[in-house]
Every structure is written in C-alpha cells, then in structure tokens.
Amino acid sequence: MNSNDLLAVVTSIGSMLIEYGAEIYRVEETIYRIAESYGYSSGGKSVEVFAIPASLIITVDGGNGFPLTRTKRILSRGTNLDRVDKINNLSRFICAEKPEKNEILNNIEKIKQRHIYSYPVQVISYAVVGATFALFFGGNYRDALVAGVIAVFIRFVETLVAKIRPSIFFQCVLCSLMTASIAVIVSRLGFTDGFDKVIIGASMTMVPGVILTNCMRDFIAGDFLAGLYTLTEALIVAVGMAVGAAIGIAVFTKMF
Amino acid sequence: MIRNLLFDWGDTLMTVNYKVQLSRIYERTVIKMQYITEYGLPCLYSFIASIAFGIQFNIKLRHIVAAGAGGVVCQFVYMLIALNGASEALACFFGAVTISLYSEILARRLRVPVNMYLVIGIIPLVPGSYIYNTMIVLVNGDIDAFLRQFTDTMAIAGAIAMGVFAVSSVIRLLNLKNKRKSYTR
C-alpha cells in the first residue's frame, strides 16, 4: 500500500471514530497501529497524527522526501458505540491481515450501513429513560407517565432541530424549556403533585453521557486539549439545560 | 445493614419460646421487605434506565445487559455507603470505582471499547436531583443556598471523576507494562 492509499484509509477510519464518539487516544492509537502494520514506523517512513474532537490532522511520510498531509474537519458528532466497536475490530483485522485498500473501503462502507435499532425503538427508549428516572428520583407513577411522554417530545424536537443544525446550546435550551413548561402546566392542571421529579426524569435523557466519559478518559490518557474541548461541550449542555428549565419554571409558575 | 441483619437473626434464633421466635421472624421479614424496597427498587430502575440508555447509544443488547448489571452493582455499592451515614460524595466515589473496575475488566475480556460499558454504568450516578436543586435555588434568588448546593454538586461530580481516574490510571499503568511496543506516548 503506498502512502496515498494509506492516508485515505487512515483518514476515513479516524474521522469515523471521532464522529461516532470514540475517545481521542483510541483514534490516535488506531491510526498509529495501522500505519505500523504497513511498515510506516521505521526506515525513514513515519506517520504523525494530531486529533481533537473538532478536527483530525494526519501526515504520512513515505520516506521519499514528499510527506503527505490531510486534515479533516469534524463538524458534527453523534453517538454510535456499536460502530466504534466494529471499526475497532476492523483495525485489528487490518493489523493482522494487511488487506488491500479496496477491501478496507468495502468494510468501512458496510460499517456505515449498520443500524441496530430502528427509530421507533429509539423513541420508546427515550420514554423509558424519562419514566424510570422520574421513579428513580422519588416520583410516583403519574410523574413517570408525564416524564415519559415529555421524553418522547424531546426526541422529536431533537430530530427536528438537528435538521437546521443550530448550536448545541440552543438545542438544549429549547428542549429543556419545553420540558419545564409542559411539566409546570401538567402539575398546575392537577395531574401530578409537583413538577420537579418530572423535570429531572425527562432531563436525564439529555445528559451528555458519552461526552462526559470521553472527557474523563481523555484527561487520563493525557489528551488535555481534547479533554478540555469535551468538558466545555458538557458544561455548555449543562448550562443550556439549566437556563431552559429556569426560564420555563420562572415564566410558567407566574402565568398559571 | 449487613451487621444489623446478622445480629437480628442471631437474637431470633437464640430465643427459646417459639411464639416469640415466630413473631420476631415476621418482624424481621417485614424489615427485610423494607430493605428490598429501599435497595431493590432503585437498582431495578437503574437497570431498566441503563438498558434504555444503551439503546440510545446504539450498543448491542448483550453488551447493554452486561453493562446494566454492572450499573446495578455500582448502584448497590453507592446505596450501601450513602444510606449508612457516609457523605454523598464518598458514596459516589466508591460507586464510580466499582463501575470503573467492572467495565475495565469486562471490556478488556470481551475486547470492546471500555467506554461502551462505562458510559452505561455511570449514568445512574449522575446527580440529577442535585443539579436540579442548584438551578431551582438560583431561580428563587437564594444565593447562600445556591452556593451550598453548587459546592455539593461539584463535589459529587468531582468524586465520580476521581473514582474513574483512580481505577483507569492504575489499569493504564499495568497495561503499558505488558504492551509489546511503545508508541509515541
């Protein structure tokens, strides 16, 4: 495999890993390992990687005096840990078998097509998260019911809002505002005793779990820049949720 | 809790009068039922919530169930410490240590990314009610209460992070030792 092909393969694998929510040290280590298995670690050949959650920079030096660099800007990240696992297996396969470029690209395409859970299942899972967390934090069954319904609304709003690609802060404020307003109105109508358990339960669906764990693991691995990036993102999500809920509670308890 | 249970049963069995014995067994059973609702229900809820969260993160079902079981263990450790008088932050620290150990060991065994297990197990530890209370007292304009709540929340978040840090750093250290080649770092 020449350095051009290696660069193409490694860039798509690395950017996919970042987009699907892998830790940064996993991205860098995967790329180093693949490059090493093709002999790019000795004899004048080398590979350098720099990755943060927003971009990926890879330089492949084929030892001929013309190193190649490619940068890839990562604009949106989601969470699909099954695909991360599959890419992990693929990189293990690459290191063991050293296949040709086309075979790797075919495998990558297959991974991109993988879907485990359909959209309705995901919506139901949101409802279950909202309902069980309302119970978990001490609510009764009515709280759980309302929280589950609100969690479904959150999912719908998230999919709607994701199409116009706003900032993550705006999305959190919007979802949280909707949660708080519905919870306050329902409690004022007399269906639930209070609105706090409903809001906590429904808001747990928005907790940036993968971002937080990745942040911790990046700090442990020594990727402080990546850790700071994800920490900032998590803080902005938290502040957005708090602002949305605060506005909703302040306005709707006065109105009703 | 365990010590109390042991003492109770010991007392009961040492009594000669069987009517007293029966009534005591009944009382203890009621107490045990109370333990089940106190400890069991949150564990059940956290298990169901973990499974639903795993579906959101697109993880395969068998991994979700395994990780959810870890979450239950972590939740139990957390409650064992928190309900017996220790501070919330300490309980969260040991809960995080538990789930971190569980996920590091199991994920390495099954050769899957560690954060796949960690992310599910740690969700029930997230101090949702603390964050909410912080926000509520801020809305009400009570700055003293806000600072107190905020410090508590930060302490819990820090304790969880420290628990994960402690375990992962040690395991990383052990892992670097038997790696065949070192990379750039």
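1. Let's start with Phe150(B): at 37% relative accessibility in this predicted model, Phe150(B) counts as partly exposed. Its ring partner, Phe146(B), is buried, with a relative accessible area of 18%. Buried here means under 20%, so Phe146(B) makes the cut and Phe150(B) doesn't.

2. How are these two rings arranged? They form a stacked aromatic pair, 5.7 Å centre to centre, with 25° between the planes. Have a look at where they sit, too: both belong to helix 7 (residues 143-177) of chain B, four residues apart, which is about one turn of the helix.

3. That pair has company. Searching the whole structure turns up nine aromatic pairs over all chains. One of them joins Phe219(A) and Phe224(A), and this one is tilted: 6.0 Å centre to centre, 40° between the planes. Phe224(A) counts as exposed, at 51% relative accessibility.

4. Ring pairs can also join up into something bigger. Phe133(A), Phe136(A) and Phe137(A) are linked with Phe53(B) and Phe57(B) into a cluster, so try colouring by chain when you look at it.

5. Rings have charged visitors as well. Over the ring of Phe191(A) you'll find the charged end of Arg142(A), 5.1 Å from the ring centre. Lys45(A) lies over the face of Tyr40(A), at 5.0 Å from the ring centre.

6. Now for the inside. The largest nonpolar core has 93 residues, and the members touching the most others are Leu6(A), Ile13(A), Val47(A), Leu56(A), Ile58(A), Phe133(A) and Ile249(A). Domain 1 (3-112) and domain 2 (119-255) of chain A both contribute residues, so this core lies between them. A second, separate core of 20 residues includes Ala82(B), Ile160(B), Ala161(B) and Val164(B). As background, nonpolar side chains tend to be buried together in soluble globular proteins.

7. Which residues does Ile58(A) contact, leaving aside neighbours within four places in sequence? Among them are Leu7(A), Val10(A), Ile31(A), Val47(A), Val49(A) and Leu68(A), and also Thr11(A), Thr69(A), Glu48(A) and Arg70(A).

8. Finally, the cysteines. How many disulfides are there over all chains? Zero, after a search of the whole structure. Take Cys215(A): its closest cysteine sulfur, in Cys172(A), is 16 Å away, too far for a bond. For Cys92(B), the closest cysteine sulfur is in Cys74(B) at 8.4 Å, again too far for a bond. Cys215(A) is buried, at 4% relative accessibility, and Cys92(B) is buried too, at 2%.

Notes:
Residues numbered from 1 in each chain as written. Chains lettered and ligands numbered in written order. Predicted model: local features only at pLDDT ≥ 70, side-chain atom pairs only at ≥ 80, totals over all residues. Heavy atoms only, no water. Core = buried A, V, L, I, M, F, W, Y, C linked by side-chain atoms within 4.5 Å. Buried < 20%, exposed > 50% of the residue type's maximum accessible area, 1.4 Å probe, protein only. Domains from an automatic or database assignment. Contact = heavy atoms within 4.5 Å. Disulfide = S-S within 2.5 Å. Phe/Tyr/Trp six-rings, centres within 6.5 Å; stacked < 30°, edge-to-face > 60°. Helix = DSSP H or I, 4+ residues; strand = E, 2+ residues; numbered from the N terminus. Lys NZ or Arg CZ within 6 Å of the ring centre and 35° of its normal.
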